[in-house]
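Notebook open, viewer open. I'm going through a few spots in this model and jotting down what I look up as I go.

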Amino acid sequence: MLEVKNLHVQVDDKEILKGMDITVAPGEVHSIMGPNGSGKSTLAQVLAGRETYEVTEGEITFQGKDILDLEPEERACEGIFLAFQYPVEIPGVANTYLLREALNAKREYRDEKPLKHVEFGKLAKEKMKALGIDEDLLKRSVNAGFSGGEKKRNEIFQMQILEPTLAVLDETDSGLDIDALKIVANGVNSMRDSGRSFIVITHYQRLLNYIVPDFVHVMVDGKIVRSGGKELAHELEEKGYAGF
Amino acid sequence: MSVDLEKLAQEEYKYGFVTDVEQEIAPKGLNEDVIRMISSKKNEPEWLLEWRLGAYEHWQKMKEPRWAFLRYPKIDFNDISYYAAPKSNPRPKSLDEIDPEIKETYDKLGIPLEEQKMLAGVAVDAVFDSVSVFTTFKEKLAEEGVIFCSISEAVEEHPDLVRKYLGSVVPRGDNFYAALNSAVFTDGSFVYVPKGVRCPMELSTYFRINAENTGQFERTLIIAEEGSYVSYLEGCTAPQRDENQLHAAVVELIAHNDATIKYSTIQNWYPGDKQGKGGIYNFVTKRGRCVGRASRISWTQVETGSAITWKYPSCVLEGDNSVGEFYSVALTNRRQQADTGTKMVHVGKNTSSTIISKGISAGEGQNVYRGLVEIGKNAEKARNYTQCDSMLIGDRCGAHTFPYIEVKNSTAHMEHEASTSKIGEDQMFYCRQRGLSAEDAVSLIVNGFCKEVFKELPFEFAVEAEKLLSVSLEGSVG
């Protein structure tokens, strides 16, 4: 599904990713862990196509397609979703409005008819219930005045509506209490199937008790230094990153 | 961002066509004879001619104001024609008498003059260059005692009302452009809502500049008697031309006890091309007097057109407990310049005012908010809330804010909030990551930014305003 080979990325002439490799097959959940500043979030942003990051070397193929030249919206429509570490506030734009526009953009890309208000409303209500999201969150401006937990839940809610093929979760667990963490994890788990993959970026093993990964990778200084199964996360929790 | 957006930047102004009608156009230049000619064309009474000539005398002694943050070449007032009117029937009794070319023009603009085709509940006065060509729903409004007609017709049919109120809000010597307008104004709308009547429909005037080398000088007068309510909307477009054209209007509003006037503007005059060639110079004086207690005047404006905009819709809050409001969206793209804002003059006790201004600058546009809040010495417990937000798109545009506050009564309560933001790269990326194109993302973010103002517009026009904003923003990312 996703193949990243020898990826080098720089920001303001500073190299952040220094030869990153990762391969994700359909249906797999990969977790990337690593100390602050190791380049985890950079990877997430580059996969989504953020223009402030310059890819100097390497390749990214998604479902057999080279996506390096695709605009962020094209990658989104191809099925890549990023749950932001810091979801952005957009005052005056109703949450439901952005989401319906987004879903319909994606549908248009696939030559499908846009979803009508009523149909969208039904879909949104269904998903919201499962995530324990209050209905008035739909009417509020995108992320404006949301609590930390609400923002993260909103990201998962958007992911459920947009049904990506590859979802990248960038520290979705940070700042969540244990109940919110469970809700978020349930939201992810309910979407796991043989055709959908996840990359879960986190600092803590805690989240991985609820979203159990198939692979765990340790990222240090812009590349992956060790990969293993879920037990690697426990080892990291005990020993820290000092050994790398 | 993407290459396609560059193409959109070349997008033509949708309303730039010219209507081919036979017109009577006054020779260029301004002098007493021209004023006498305009007055006699309109069969005006002697007092009005005198009033015009007095204004002209004032004007000759005045200097063109240059304090605004606007750059434009000196206007040659003798290179403009002050009167242009279609030769066809000047005051048609029915639609059949209107020149079909003119009717078609309004159809093309999306303002069909047939009553059955109109938006339900909206009456229209159509002003074409210097004259009103038609007013719809007149009879229906007359049943309620509401007068809605062109100002020329009002001068003939309701001279006492016009004489009583004309210049009572904006005196003929008020400022350079108001004096010019008072001398040569040609048409515009007149509205009178009697005591206790809630006007049953939205009233609107659609201003169209068509003739070349002419200025448009319209005058609008709205009077709301005790306990009445009226909502009025104006829209404006003009053909695409290489030379600049002058538009200098005066609008006067009078609200008596417990009366409410809502005045909305969607201004989409031709803005000029990408290089800044052509476009309307829009110098407008708009003011309302809340003379009665608990009266209310609310200005809402969406300014997306014109090369130059100079406009400060204001409220004089004379009656105790009166309320003034100003909600504004001003967008400057390409080389457009806008210097706009409001004046809230608090005279009476417990008066309150609200100012919400949203300025958006894109391309090489320059956008200025200029506002005055004045609390008079007798204005006990006056309140003002001002919120003034600017948004920048790209790095070649500018936003400037000049708020003036003068408080002469210590019981006043003032709040002022201001912000300037660049359209966030992070906001853009967030929307695009969800699947929106760069252009849709800008439009979505800007419309969100303007939400507080749009919600003040009558519903149909709010939708219109959102669309207009999206079109005006085209090419702003690239």
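**Entry 1: a helix pair in chain B.** I pulled up the contact between two helices in this predicted model. On the α3(B) side I find Trp51(B), Arg52(B), Ala55(B), Tyr56(B) and Trp59(B), and they meet Phe176(B), Ala179(B), Leu180(B), Ser182(B), Ala183(B) and Val184(B) of α8(B). Sorting that contact by class gives me nine nonpolar residues, one polar and one charged. For the geometry, I have α3 (46-61) and α8 (176-184) of chain B packing at about 150°, their axes 7 Å apart. The crossing of α3(B) past α8(B) is left-handed.

**Entry 2: another helix pair, same chain.** Next I went to α10 (438-449) and α12 (459-473) of chain B, whose axes come within 10 Å and cross at roughly 130°. I'm therefore writing α10(B) and α12(B) down as oblique to each other. Here α10(B) passes α12(B) in a right-handed crossing. Which residues meet in this contact? From α10(B) I get Val442(B), Ser443(B), Val446(B) and Asn447(B), and from α12(B) Glu466(B), Leu469(B), Ser470(B) and Leu473(B). By class, I note four nonpolar, three polar and one charged in the contact of α10(B) with α12(B).

**Entry 3: the loop before α10(B).** Stepping back along the chain, I looked up Gly435(B), which sits in the loop between α9 (425-433) and α10 of chain B. Buried or exposed? Gly435(B) has a relative accessible area of 7%, so I log it as buried. Setting aside residues up to four places away in sequence, I find that Gly435(B) touches Glu73(A), Ala76(A), Cys77(A) and Ala105(A).

**Entry 4: a strand in chain B.** I wanted to know how enclosed β12 (260-267) of chain B is. Eight of its eight residues are buried, so I have β12(B) as largely enclosed by the rest of the structure. I checked the two faces separately: Thr260(B), Lys262(B), Ser264(B) and Ile266(B) are buried on one side, and Ile261(B), Tyr263(B), Thr265(B) and Gln267(B) are buried on the other.

Then the strand partners. β9 (229-237) of chain B pairs with β12(B) in the parallel sense over eight bridges, and Val230(B) has Ile261(B) as its bridge partner there. β14 (296-303) of chain B also pairs with β12(B), parallel and over eight bridges. In that pairing I see Thr265(B) opposite Gln301(B).

**Entry 5: chain B overall.** I tallied the secondary structure of chain B at 12 helices and 23 strands. The chain has 478 residues, and 64% of them count as buried. Of its contacts with a separation of 6 or more, 83% are between residues 24 or more positions apart.

**Entry 6: a sheet in chain A.** Over in chain A I traced an open sheet of six strands, in the order β6-β9-β10-β3-β11-β12, with mixed pairing. Which strands stand at the edges? I find β6 (80-83) and β12 (223-228) of chain A there, each with a single partner strand, so one side of each is left without a neighbour in the sheet. The twist from one strand to the next averages 20°. At the β6(A) edge, I have β6(A) pairing with β9 (166-170) of chain A in the parallel sense over four bridges. Ile80(A) stands opposite Leu166(A) there.

**Entry 7: Val220(A).** I stayed with the sheet and picked Val220(A), which is in β11 (215-220) of chain A. At a relative accessible area of 19%, Val220(A) is buried; the cut-off is under 20%. Beyond neighbours within four places in sequence, Val220(A) is in contact with Pro35(A), Ser38(A), Val225(A) and Phe244(A). I looked at Pro35(A) further: the C-alpha atoms of Val220(A) and Pro35(A) are 6.8 Å apart, though the two are 185 residues apart along the chain.

**Entry 8: two positive phi values.** Most residues other than glycine have a negative phi. I looked up Asp12(A), not a glycine, with a positive phi of about 50°. Asp12(A) lies in the loop between β1 (2-11) and β2 (14-24) of chain A, and is exposed at 73% relative accessible area. Glu171(A), not a glycine either, has a positive phi of about 45°. I place Glu171(A) in the loop between β9 and α7 (178-189) of chain A, and at 9% relative accessibility I count Glu171(A) as buried.

Technical notes. Residues are numbered from 1 along each chain as its sequence is written. Chains are lettered from A and ligands numbered from 1 in the order in which they are written. This is a predicted model: local features need pLDDT of at least 70, side-chain atom pairs count only at pLDDT 80 or more; totals for chains, interfaces and linings use all residues. Side-chain values use heavy atoms; hydrogens and water are left out. Axes are lines fitted to C-alpha atoms, for helices over the stretch in contact, and angles run from 0 to 180 degrees between N-to-C directions. Angles under 35 degrees count as roughly parallel, over 145 as roughly antiparallel, 65 to 115 as roughly perpendicular and the rest as oblique. A crossing is left-handed if the near helix is turned anticlockwise from the far one by less than a right angle, and right-handed if clockwise. Contact means heavy atoms within 4.5 Å. Ala, Val, Leu, Ile, Met, Phe, Trp, Tyr, Cys and Pro count as nonpolar, Asp, Glu, Lys and Arg as charged, and the others, Gly among them, as polar. Buried means under 20% relative accessible area, exposed over 50%, partly exposed in between (1.4 Å probe, protein chains only). Two strands pair if DSSP finds at least two bridges between them.
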